[in-house]
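Let's take a quick tour of a small set of facts about one protein model. Have a look at the picture first, then read on.

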Amino acid sequence: MAKLLKLVCFSLLALTVVGCGRKEAQTAACIANMKQLQTAAELYVTQKGKQNSTPTLKDLCGGPDKFIKVDLTCPKDGSHYQISRGVDGFEIKCGSGDPEHVLP
Ligand SMILES: [Zn+2]
């Protein structure tokens with residue numbers, strides 16, 4: 001019985017650790033996505049000579065001729081990113097609304 005209890009405890013602990021790691025991995029992946037979008041947005045306006053425009057997600061990703069070939073969405077819930085112009089370059093926001101999904 002004690003052995004079984006130990007096993008259950010260990011499983012719960014393992015689950016907790018895995019659960020945490022997954023959330024952190026999602027946050028890290030989301031931030032990496034946003035950095036890619038930020039870089040792509042800067043490249044886009046420079047290369048297209050559209051310094052005063054704000055590219056949309058469709059301008060930047062999801063096609064063979066785009067800076068990012070795949071559609072980037074938040075790994076947490078698949079929500080889309082919003083690109084806006086900040087004081088100092090582009091600001092990318094994650095649509096999931098997770099407070100940890102922000103560019104540092
Ligand atoms: Zn996100």
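Here is a short briefing on the overall build, the confidence and one residue, D71.

This is a predicted model, in which local features need pLDDT of at least 70 and side-chain atom pairs count only at pLDDT 80 or more, while totals for chains, interfaces and linings use all residues. Residues are numbered from 1 along each chain as its sequence is written.

**Overall build**
- The protein has two helices and two strands; helices (H or I, at least four residues) and strands (E, at least two) are DSSP runs, numbered from the N terminus.
- Going along the sequence, you meet them in the order α-α-β-β.
- Buried residues make up 18% of the 104 in the protein; buried means that 20 or more other C-beta atoms lie within 10 Å of a residue's own, exposed means 12 or fewer, and partly exposed is in between, with C-beta atoms placed from the backbone.

**Confidence**
- The average pLDDT (the predictor's confidence in each residue, from 0 to 100) is 88, and 82% of the residues score at least 70.
- Helix α1 (residues 2-47) has the lowest confidence, with a mean of 81, whereas α2 has the highest, at 96.
- Where pLDDT is low, don't read the predicted coordinates in detail.

**A look at D71**
- You'll find D71 in the loop between α2 (57-60) and β1 (81-86).
- D71 counts as partly exposed because it has 14 C-beta neighbours inside 10 Å.
- Leaving out residues up to four places away in sequence, D71 touches C61 and G62; contact means C-beta atoms, placed from the backbone, within 7 Å.
- C61 is 10 residues from D71 in sequence, and their C-alpha atoms are 5.4 Å apart in space.

Conventions. Contact = placed C-beta atoms within 7 Å.
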